[in-house]
Each structure stands twice: as structure tokens, then as C-alpha cells.
Amino acid sequence: MTDKHGNTALHLAAELSRADDIKYVLSKKPSLTNLRNDEGFTPLEALHEALEEKRTGSRRASGEKADQFRGFSESNIASVGMLTGVEVSDLDHIDVQRIKYGCICGACIDGFLSPRMHLTLLRHAKEQQLRLQEWCAASTDGSIGFPKTFISTGAENCLPILVKDHLTTNQLVRKGFVNMWACIVECLAENMAPSKENVMQLWESRLPRLRSGKGKAFLDSGGSVKVVANMLFCIARSRDELAGTSSYRKNPYEEEISKLPCCRNDKEYEFVRGVCGY
Ligand SMILES: [Zn+2]
């Protein structure tokens, strides 16, 4: 029995993520999993469509709502599990995280950081690390502007004015900033998400060296992991968007990145930044 759109009871339960109803229908008529509605979707595909709509706010995504996405609900996750024939309680934590964050490559770090975005962030972070070290080493009595990329991508505008003032005039604060940047590079290099928690853990492990001097100076001037990470995300996102335009003909890491699997989460910079805690 179907409705006027060719939906079976399983399609309807799936679209609404009613895990208990899905379980009940499946127990009565498991063959429904293969039936397609008028749109051509199986119940699982109809659920994925509904989830995509939930994530983006519309099938014609504006991107804004997708930026606010922080993961699907427990009933969404249970429904996906049910329709793929698994009990969520039997899954590894990482597999649950991947369903939660809509990963389709099966390789997202912590379920949300895709291999392609991971490499993009790592490459940009490393490239800028060299520029930042030069910037930091330059001794001057006056103020010193940010490295070029920080200006051209607008990353320096992510900085609170006060922090920016300190950074451009105080070498000790600059050193603290560069050190925080190094913690982010290290996180990424060790295949960890550059989340607030992970980066701060590294930073804390360096505390004996950072408690006084440059580390303290950076934090005292209003600096934080958020301030630094936001700049990296800004650089990666804007250079990605500029790739192919007259300013940047080609993404320098394109070839390397194209060898990695694709994921729904590949270009979702704001989503990843948000889940990282920034
Ligand atoms: Zn993925």
C-alpha cells in the first residue's frame, strides 16, 4: 500500500526519522526496504534526502543553514542505522559520529573533518607557518604588518583590534601567536581535528615553557586558540573560493587533494570550524 506519491509506510517513517516505527514496519515487512517511491527513492534514500534538507534548509541550499549544522539528532542516527541493518549501539563511536555529521566517505576524522579538508588545512597551516616564523623573527621598533596572505584573504580582519595591535607591535606576543599556530599544525599533522580541546591540550603540554614569557604575553593580550584557528579557517576558505578566479588560477594543492576520497563535508569550512568549537 502506498500514498499518492508512491511512499510506503517505511518511506513515511524514514522521512520523519521515526526509528521505532521503522523498526516495527521492518519487522512486519522487511521487503519494503527495496521499494522506490515516485521520486525513485528507497526508504533509506528518502531519509538521506530529508536529512540533507534538514542540513541545508532547502534543496536549493543557500549555504547559510549548512554553516550552522552541528550534526544530526539521535533519532536521525538511529533511523539511518535501522535502514542500513545495524543497531547503533553495536557501532563503534567513530561510525556513529560519521552518521551524525553526514560523512559519506567513511574516513572523516572524528566523523566531520574530511580527508580533503584535513589536507587543505594542513597544507595552508604549514605554508603560513614559514611566513609567520619570518614575520616573528623580524625585529623592528615600530609596528609590523601581517604576512601577505593574512591581508589578501582578510584573515587579519578576524582579529579583535586589541589583539591585532599587540601582535603588530610586540614581538613577545607574536611569538606566542606563532606557538599557538604550531600547536594547530601539530594537531593536523597527527591526524587530529584542530579542535579547541585538542589544540589546548598540546598548548598545555608545553606550559612549562609557555607559562611565562611569550605564551603568557599572547594570552594576556587577548589572544586565544579561537583567534588563531579562525585565521587559518579564513585563509583556507577564501583561497578555496578564489581558486579558479583571476587572483588564484589554481589551488596549489589540487592535484594532491584530488587523490583523496570525496565527502559531503569537503567544502563545509564553517561547519567544521563550528564543530571544532570556534
Ligand atoms: Zn567523510
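**Exercise 1. Is Cys276 buried or exposed, judged by the other C-beta atoms within 10 Å?**

Solution. This is a predicted model, and every value below is computed from it.

Step 1. Locate the residue. Cys276 sits in the segment that follows α16 (269-275).

Step 2. Count the neighbours. Cys276 has 22 other C-beta atoms within 10 Å.

Step 3. Apply the cut-off. A residue is buried if 20 or more other C-beta atoms lie within 10 Å of its own. Cys276 is therefore buried.

Step 4. List the contacts. Leaving aside residues up to four places away in sequence, Cys276 touches Ala193, Pro194, Ser195, Lys196 and Ala229.

Step 5. Check one distance. Gly142 is 134 residues from Cys276 along the chain, and their C-alpha atoms are separated by 35 Å.

**Exercise 2. Describe the protein chain as a whole, then its domains.**

Solution.

Step 1. Take the secondary structure. The protein chain has 16 helices and zero strands.

Step 2. Take the dimensions. Along the principal axes, the C-alpha atoms fill a box of roughly 80 × 45 × 30 Å.

Step 3. Take burial. Of the 278 residues in the protein chain, 38% are buried.

Step 4. Take the contacts. Consider those between residues at least 6 apart in sequence: 69% of them join residues at least 24 apart.

Step 5. Divide the chain. Domain 1 covers 9-91 and domain 2 covers 115-275. Their centres, taken over C-alpha atoms, are separated by 37 Å.

Step 6. Inspect where the domains touch. Four residues of domain 1 are in contact with five residues of domain 2. On the domain 1 side, two of these residues are nonpolar, none is polar and two are charged.

**Exercise 3. Work out how helix α2 (residues 19-28) faces its surroundings.**

Solution.

Step 1. Find the buried residues. In α2 these are Ala19, Ile22 and Val25.

Step 2. Place them around the axis. They cover an arc of only 125°, so they lie on the same side of α2.

Step 3. Turn to the other side. There, Asp20, Ser27 and Lys28 are exposed.

Step 4. Identify the cover. The elements over the buried residues of α2 include α1 (9-15) and α5 (74-83).

**Exercise 4. How many of the ten residues of α5 are buried, and which elements cover them?**

Solution.

Step 1. Count. Seven of the ten residues of α5 are buried, so this helix is largely enclosed by the rest of the structure.

Step 2. Name them. They are Ile77, Ala78, Ser79, Val80, Gly81, Met82 and Leu83.

Step 3. Identify the cover. It includes α1, α2, α3 (43-56) and α6 (93-100).

Step 4. Look past the helix end. Gly85, just after α5, takes a positive phi of about 80°.

**Exercise 5. Characterise the packing of α5 against α6.**

Solution.

Step 1. Choose the descriptors. Two packed helices are described by the angle between their axes and the distance between the axes.

Step 2. Read both. The axes of α5 and α6 come within 9 Å and cross at roughly 110°.

Step 3. Classify the angle. Angles of 65 to 115 degrees count as roughly perpendicular. Thus α5 and α6 are roughly perpendicular to each other.

Step 4. Name the residues. Ile77, Val80 and Gly81 in α5 meet Val96, Ile99 and Lys100 in α6.

Step 5. Sort by class. This contact has four nonpolar residues, one polar and one charged.

**Exercise 6. Compare the settings of Ser17 and Asn191, each with a positive phi.**

Solution.

Step 1. Read the angles. Ser17 has a phi of about 55° although it is not a glycine. Asn191, also not a glycine, has a phi of about 60°.

Step 2. Place the residues. Ser17 lies in the loop between α1 and α2. Asn191 lies in the loop between α10 (171-189) and α11 (196-205).

Step 3. Check burial. Ser17 is buried, with 22 other C-beta atoms within 10 Å. Asn191 is exposed, with 11.

**Exercise 7. Where is Gly215 found, and is Gly215 buried or exposed?**

Solution.

Step 1. Locate the residue. Gly215 belongs to helix α13 (residues 214-220).

Step 2. Count. Gly215 has 21 C-beta neighbours inside 10 Å, so it counts as buried.

Step 3. Relate sequence to space. Gly215 and Val178 are 37 residues apart in sequence, with 9.6 Å between their C-alpha atoms.

Technical notes
Residues numbered from 1 in each chain as written. Predicted model: local features only at pLDDT ≥ 70, side-chain atom pairs only at ≥ 80, totals over all residues. Buried ≥ 20, exposed ≤ 12 C-beta atoms within 10 Å, placed from the backbone. Helix = DSSP H or I, 4+ residues; strand = E, 2+ residues; numbered from the N terminus. Arc of directions from axis to C-beta. Contact = placed C-beta atoms within 7 Å. Domains from an automatic or database assignment. Nonpolar A, V, L, I, M, F, W, Y, C, P; charged D, E, K, R; others polar. Axes fitted to C-alpha atoms, helices over the stretch in contact; angles between N-to-C directions. Parallel < 35°, antiparallel > 145°, perpendicular 65-115°, else oblique.
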